[in-house]
Amino acid sequence: MVNTEQITFYTHIYSPYSQRVHIALEQAKADYTPYTLNVLDKPDWYAAKVNPAGKIPAITYGGPKVSPDTPSDESVKLAESAVILEFLADLFPDAGLLPADPVARARARFFLTVVDTKGFEGFREFIFLGHAMAPLIDGYAALQALLPPAGGFALGGDALTIADMAFAPFLARTYLLLSVDLGKFPAGEGKKAYAILTSPRFARLQQYLQDVKANPYWKATWDEDTQLAMWFTNPVFRRK
């Protein structure tokens, strides 16, 4: 299927939620216009004309092709990464963002739900709030248990789906931040968590991440050096 409507993608490299959509757009080989939004100083027009919640990612779809900072009233505005992933799966059915089989589609959606509950909560609690490590480890243990034991991506095989696009951006940032002990947790706690997540207990998760990182659509949306430099300058993580 060839989509001829314009797509404008509001994003920032910082955001794992935005990367979800970015991977999907790349895999769909969509013709889209990316627009990096300053997440610390969002312009007034963004909430007024694109996403009233002021969050990223968001897309505009259809209408005339205009400058991203003057979105047309004729375009459809969509927000929330899970919603956008589903929309892109419908818009580009040949891209494999969701499998054709109804059971496999349900599995993909269930996996995404676990990411957005157990996975995200552990990530947020430990890395952003400096709370106990256990929810992070338990959340990733639960997600590892959902991965096919024989290998492959979240649904098996070698094709990314929305399940992987939902999970991998958080997983990659987790390993990256913990490896350099960067987060709101006390100094040294990140290294302890990293040691657990790189232990044999999480061998399947480690292999999964390496497989994702070898995917060309992931590579098109991820620069580890840029990520690390950006996270080191995040004022939220500055320890006194």
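This passage describes strand β1 with its neighbours, and then the surroundings of Ala 154, in a predicted model. Residues are numbered from 1 along each chain as its sequence is written, and side-chain values use heavy atoms, with hydrogens and water left out. Local features need pLDDT of at least 70 and side-chain atom pairs count only at pLDDT 80 or more, whereas totals for chains, interfaces and linings use all residues.

Helices (H or I, at least four residues) and strands (E, at least two) are taken as DSSP runs, numbered from the N terminus. Strand β1, which spans residues 7-11, is mostly covered, with 5 of its 5 residues buried (under 20% relative accessible area, as against over 50% for exposed and in between for partly exposed, with a 1.4 Å probe and protein chains only). Ile 7, Phe 9 and Thr 11 lie on one side of β1 and Thr 8 and Tyr 10 on the other, so that both faces are covered.

Two strands are considered paired if DSSP finds at least two bridges between them. By 4 bridges β1 is joined in antiparallel fashion to strand β3 (residues 58-61), in which Thr 60 stands opposite Thr 8. Another 4 bridges join β1 to strand β2 (residues 33-36), here in parallel, and Thr 8 stands opposite Thr 33 of β2.

Ala 154 is found in the loop between α5 (134-146) and α6 (162-179), and this residue is buried, with a relative accessible area of 1%. Beyond residues up to four places away in sequence, Ala 154 is in contact (heavy atoms within 4.5 Å) with Arg 107, Phe 111, Leu 146, Leu 147, Pro 148, Ala 163, Asp 164 and Tyr 208.
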